[in-house]
Amino acid sequence: MDDLHLTLKTTFGYSAFRPLQREIIEAALADRDVFALLPTGGGKSLCFQLPALQRSGLTVVVSPLIALMKDQVDQLQAAGVAATYLNSTVDADESRSRLRGLHRGEWRLLYVAPERLMLDNWQENLKAWNVTALAIDEAHCVSEWGHDFRPEYRQLAKLRDLLPAVPVMALTATATDRVRADIIKHLKLRDPATFVASFNRPNLSYRVIPKDQPLKQIVGFVHQRETESGIIYCASRATAERVAETLAGKGYAARPYHAGLDAAERSRNQELFLRDETRIICATIAFGMGINKPNVRWVIHHDLPKNIEGYYQETGRAGRDGLPGDCLLLFSAGDIAKQTHFLDEITDEHEQQVARAQLRQIVHYAESAGCRRAELLAYFGETFPSDNCGACDNCLEPRETYDGTIVAQKLLSCVYRIQQNSRFSVGLNHLIEVLTGADTDKIRRWGHDRLTTYGIGQDLSRPAWAAIGRELMRLGHLTVAEGEFATLELTETGMELLRSRSPITLTKPMNLPKAKRVVRREGDIACDEILFERLRTLRKRLADERKVPAYIVFGDTTLRQMAREYPTKVGAMEGISGLGEKKRAEFGELFAAAIAEFLETNPRITFGE
């Protein structure tokens, strides 16, 4: 048994290295810069912890996660390793004590956040502490193309100049080719030894189902797994709270975790989860990075994630012990609209472009009829060697297909006619409005109501056309142009399909075979929920200015009717409940203008009776 194996066995208690661990450790001990990409649960931490025990001096570990620092240091100290951390949770006296220990050379590993490392007075410390290695964990945070970009990570390149002879190891659990190149460039890694493990997590199963009464779906899922730990990811704090309350009301040990809770409660809920006293955490994405809990058996996404890398990392928190884990995503087209609405609020054009591209990719994944595992691996540049993974919904229960030749011809020819007629491309929403014969300012202004393709798609609903458009993008017949407006263009294969009129098979949307009649509740007013929220914001501002409750301006019934009928002129507000003459005179113009502005960037939704 050599030294590395002996340390592995005696200090860490493992009898064998995981894939690539030994090679990474040997490269690090040869004083090479290292780039290491290991999936969640692949044993990244050991790659810098073990070398720290084999060499003299101090290994500095940069981590963005306070919870992870404490967790790893606790584990190392329990294993007899001289490790410590410095962050905002450590009081002044204890910080001074740890700093004295660093000056005396008592510690082998120091965990620290990137912001603290770059403070002016730390530069002298780093030079004085005999630093012999730098490990940068969660290195994808350096890239704006990663799912968790943190500007402070860009500052870490200065360490190269400060400690030029010290080898650097960058580690991440998730990164595309583009992000890998970014990490190597921005951290100034010198001819790094590069190690990329397989992204495949064979013990995880993946399922996507249409979102339909999600609380009921989640309760049903949890009911079959009453003794297991799981995480439910939600897009908003309010949803995380609501899901946790619902599950707790049914007798399940569930707690929320999000940035709106005070630090003590967040910490307590996380601790209860780590100790298995709470089985279920209902969380925003603030939870989980670096949570070293091996027995999470399932992960549910209540809402559509923002990107594939985030989804991969979040699902990767299941089954870290190698035992089976289930990953369920609840998906609805409404989630796409919500996410798009949030993207519209991003002011930086480049940042918005990146976010739109990432959203398209996760929507493609959710709607795809192909093997989920193969889709995930392909995103990271890896090919899955089998046609059937045997552990995802599409492989276990292949979706129905249909002859999509006519609808594809309609949509592709509409793209072609608009481009030919106008000399510019349009986005998917406008394209669908042309297909369905909508009457909008843009259609009239651009003359698209005179195209031969205007109104040829009135036989299908807008959501159906949107799904067809997204599938044609996924199949490579349409592409999204680079730039601010995400316009659609025909690819070479799309042009050939249009010319040849070749047959094409499309996949039925997930909810098509199981379409249910929507039962309306008494008094419910179906409306454009995003517009409704926009009008509520306006109402609150007006009410605040007048120092009155919001309902004094308008009740929700009035706003919901506006958000259903889209009146863009005061005269069109006739008949809307709760809108008398005085209110129409006082507020009508403001609300009509807000609706008109909304429609400039959002499609109308048609509501049945």
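In this predicted model, Arg98 lies over the face of Tyr85, at 4.7 Å from the ring centre. A second contact of this kind involves Arg225, whose charged end sits over the ring of Phe221, 3.7 Å from the centre of that ring.

Rings also pair with one another: the structure holds 11 aromatic pairs. Two of them are set out below, including the pair of Trp122 and Trp129.

| Ring pair | Distance between centres | Angle between planes | Arrangement |
|---|---|---|---|
| Trp122 and Trp129 | 5.4 Å | 85 degrees | edge-to-face |
| Phe199 and Tyr312 | 5.6 Å | 65 degrees | edge-to-face |

Planes over 60 degrees apart count as edge-to-face. The planes of Trp122 and Trp129 stand at 85 degrees, so this pair is edge-to-face. Both of these residues, Trp122 and Trp129, are buried.

The planes of Phe199 and Tyr312 are at 65 degrees, so that pair is edge-to-face as well. The pair of Phe199 and Tyr312 links distant parts of the chain, with the two positions 113 residues apart in numbering. Phe199 belongs to the loop between β7 (193–196) and β8 (204–210), while Tyr312 is in helix α14 (residues 308–315).

Are Phe199 and Tyr312 buried or exposed? Residues under 20% relative accessible area count as buried. Phe199 has a relative accessible area of 1% and is therefore buried. Tyr312, at 4% relative accessibility, is also buried.

Phe199 and Tyr312 are part of a wider group: ring pairs link Phe199, Tyr312, Tyr379 and Phe380 into a cluster.

Notes
Residues numbered from 1 in each chain as written. Predicted model: local features only at pLDDT ≥ 70, side-chain atom pairs only at ≥ 80, totals over all residues. Heavy atoms only, no water. Phe/Tyr/Trp six-rings, centres within 6.5 Å; stacked < 30°, edge-to-face > 60°. Buried < 20%, exposed > 50% of the residue type's maximum accessible area, 1.4 Å probe, protein only. Helix = DSSP H or I, 4+ residues; strand = E, 2+ residues; numbered from the N terminus. Lys NZ or Arg CZ within 6 Å of the ring centre and 35° of its normal.
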